[in-house]
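Thanks for coming. I have one structure to go through today, and I will keep it short. Please look at the screen.

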Amino acid sequence: MNIMGELAIILGLCLLSEGIAALIPVAFPASVVALLLLGFLLFTKVLKPEHIRRSSGFLVANMAFFFLPSCVGVLEHAPALLRQLFPFLSISFLTTPVVYFVTAWTVQWLIRHSRRRGADRNG
């Protein structure tokens with residue numbers, strides 16, 4: 001698939017997720033809806049990784065560029081953050097190990113699950 005088609009798929013999913021997030025009665029980030037929708041489409045094989053490989057590879061390779069607006073936003077609100085520095089740092093230091101633990105556990109579970117599925121197919 002050409003690069004424009006791949007970008008159309010990714011941006012179309014983002015646009016669709018914005019609409020879904022607007023319809024949900026509770027505040028829910030559209031980016032999370034887009035991730036869930038993309039994961040669902042990939043998992044059900046409606047969308048194949050080859051359909052978005054080049055565009056997603058480019059976006060991942062340049063991910064640091066996409067964090068610039070949030071860094072500028074943090075700098076813009078530095079006085080407010082400094083007033084709340086202790087709770088901010090406490091939450092950051094407490095949640096970081098939790099995120100690492102959950103990520104490592106999930107990866108290990110997926111590896112065991114895929115090995116089990118591979119053994120069932122071969123055995």
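I'll start with Glu50, which is partly exposed at 45% relative accessibility; partly exposed means between 20% and 50% relative accessible area, with buried under 20% and exposed over 50%, using a 1.4 Å probe and protein chains only. Before going on, this is a predicted model: local features need pLDDT of at least 70, side-chain atom pairs count only at pLDDT 80 or more, and totals for chains, interfaces and linings use all residues. Residues are numbered from 1 along each chain as its sequence is written, and side-chain values use heavy atoms, leaving out hydrogens and water.

Glu50 pairs with Arg53 in a salt bridge, with 3.4 Å between the closest N and O atoms. A salt bridge here is a side-chain nitrogen of Lys or Arg within 4 Å of a carboxyl oxygen of Asp or Glu. Arg53 is also partly exposed, at 49%.

The whole structure has two salt bridges. Arg54 and Glu6 form one of them, at 3.6 Å, N to O. That pair links distant parts of the chain, 48 residues apart: Arg54 sits in helix α3, residues 53–61, and Glu6 in helix α1, residues 3–23. Glu6 is buried, at 2% relative accessible area, whereas Arg54 is partly exposed at 48%.

Now the overall fold. There are seven helices and zero strands, helices being DSSP runs of H or I of at least four residues, and strands E runs of at least two, numbered from the N terminus. The radius of gyration is 19 Å, well over the 14 Å that the globule rule gives for 123 residues, so the protein is more spread out than a compact globule. That radius is taken over C-alpha atoms, and the rule is 2.2 Å times the number of residues to the power 0.38. Of the 123 residues, 11% count as buried.
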